[in-house]
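I opened my notebook to walk through this model one topic at a time. Here is what I looked up, in the order I went.

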Amino acid sequence: MTVQLEDVTVNFGRTCALEGFDLSVAAGETVALLGPSGSGKSTALKAVAGFVRPSRGRIRLAGRDVTDLPPAKRGIGVVVQQYALFPHLRVAENVGFGLKAARRPKAEVAKRVAEMLEMVGMTAYARRFPRELSGGQQQRVAIARALAIQPPVLLLDEPLAALDAQLRADMLGELQKLRREVPDIAIVYVTHDQSEALALADRIAVMRDARLVDVAPSAELYEKPPSAFTAAFLGGANLLPVEPFEGGVRLAGQALPGLQAAPGNNLLCIRPHAIRLDRPTGVPGRVVGMQWRGATNQLMCTVDGLADVSVRVDVAADRAVPALGTQVLMEFPVEACSLVPAEQN
Ligand SMILES: Nc1ncnc2c1ncn2[C@@H]1O[C@H](COP(=O)(O)OP(=O)(O)OP(=O)(O)O)[C@@H](O)[C@H]1O
């Protein structure tokens, strides 16, 4: 089932939480809404669920205008942070609630509840009450409950936020499995964690200040971000001021041939792992800091001639790392570089 938000604006009093928001999510597609706190991600999701009413714009499900329908009539699965479990119902009853409400046969409800609890690893807790579970366990039950009705659309608001690292990885795996097993489901996934968005989403919609900044297939957005904001938000890219010349661009006076800058695109974007330090040529600089990050060491380097700029360079942990204070040559492979417009604030 396709989900469409058309020119949706949501105001809370004088706060504009969402402004002129357009997004379409196809059946079988997962789109992550990614952005900093307060950027309007949850509001967009709640508008689809029917928990908030747009002051302008329309919401469509499978082409049908549902803007004026209450949440229960939209037939979609929702896991939002505030949408707690029913406290007086046991785990299994919570998971079976929607099926029972739809008057499905008892045996079918029991079978489906058992499958869902198995999927989220909560079989042993079926008879507990929500208050007897940890936050992460409650969240897993909430996911099971949302999926039990086999919804054509699933809305997830930070579903893994309450889980520790191991469980988060397990649940990410479960969500990926779910996508394979229910190939037609449309998922809208709110997160501020770029690694979750990259792991799960076909496309990522980056939000900022109530607006959509960029939307594109995840890999494309990561490799060739169209804006400085997206580049920085999606994995901490380096953004370095460059000057165009006929054959490419110059960084601190050093030519980087082969890069074509569209007018105004005077920031070079490159991921820390793509910069090479082991080549005979490159932009000269100096190592001024280092952080160990497990699989990599991240160096902070200055660029000769650019006082205010520092560059993050990832060096695989099994490689030799130049010492603090050492002069280095940073090579910027053309295929790993893109050029974006400078921020206009
Ligand atoms: N019910 C409400 N009443 C008033 N203002 C609200 C309400 N809900 C959200 N807002 C405001 O709308 C803006 C967008 O909030 P929203 O919850 O959509 O952001 P978010 O991107 O999901 O943030 P987070 O990652 O912190 O959950 C914020 O400025 C927030 O304070």
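Which element gives the largest share of the shell around the ligand? I looked it up: the largest share, three residues, comes from H1. Helices (DSSP runs of H or I, at least four residues) and strands (E, at least two) are numbered from the N terminus.

**Before going further**

I noted that this is a predicted model, where local features need pLDDT of at least 70, side-chain atom pairs count only at pLDDT 80 or more, and totals for chains, interfaces and linings use all residues. Residues are numbered from 1 along each chain as its sequence is written. I checked the confidence next: pLDDT, the predictor's confidence in each residue from 0 to 100, averages 90 over the chain, and 99% of the residues score at least 70. For the complex, the predictor gives an ipTM of 0.95 and a pTM of 0.86. I also wrote myself a reminder that where pLDDT is low, the predicted coordinates should not be read in detail.

**Around the ligand**

I listed the residues around the ligand, counting a residue if its C-beta atom, placed from the backbone, lies within 6 Å of the ligand. Among them are Phe12, Thr15, Lys41 and His192. Two elements give two or more residues to this shell: strand E2 (15-25) and helix H1 (41-49). By class, the shell holds two nonpolar, nine polar and one charged residues. Here Ala, Val, Leu, Ile, Met, Phe, Trp, Tyr, Cys and Pro count as nonpolar, Asp, Glu, Lys and Arg as charged, and the others, Gly among them, as polar.

**Two domains**

I found domain 1 at 3-228 and domain 2 at 237-340, with bounds from an automatic or database domain assignment. Their C-alpha centres lie 38 Å apart. Five residues of domain 1 are in contact with six residues of domain 2, where contact means that C-beta atoms, placed from the backbone, lie within 7 Å. On the domain 1 side of this meeting I noted three nonpolar, one polar and one charged residues.

**The six-stranded sheet**

I traced an open sheet in the order E6-E7-E8-E3-E9-E10, with mixed pairing; strands pair if DSSP finds at least two bridges between them. Strand E6 (77-79) and strand E10 (211-217) each have a single partner strand, so one side of each is left without a neighbour in the sheet. Neighbouring strands are turned by 15 degrees against each other on average, direction ignored. I took the axes as lines fitted to C-alpha atoms, for helices over the stretch in contact, with angles from 0 to 180 degrees between N-to-C directions. Strand E3 (30-34) and strand E9 (203-208) run parallel, joined by four bridges, and leucine 33 stands opposite alanine 205 in E9. Helix H4 (135-148) lies across E6 and strand E7 (153-157), at about 170 degrees to E6.

**The four-stranded sheet**

Which strands are at the edges of the open sheet E18-E17-E16-E19? I found strand E18 (306-316) and strand E19 (327-330), each pairing on one side only. The pairing here is antiparallel, and neighbouring strands are turned by 45 degrees against each other on average, direction ignored. Strand E16 (283-292) is joined to E19 by four bridges, with proline 284 partnered by leucine 329.

**A hairpin to finish**

I ended at E4 and E5, whose hairpin has two residues between the strands; alanine 62 there takes a positive phi near 50 degrees. Arginine 60 has aspartate 65 in E5 as its bridge partner.

Technical notes: Contact = placed C-beta atoms within 7 Å.
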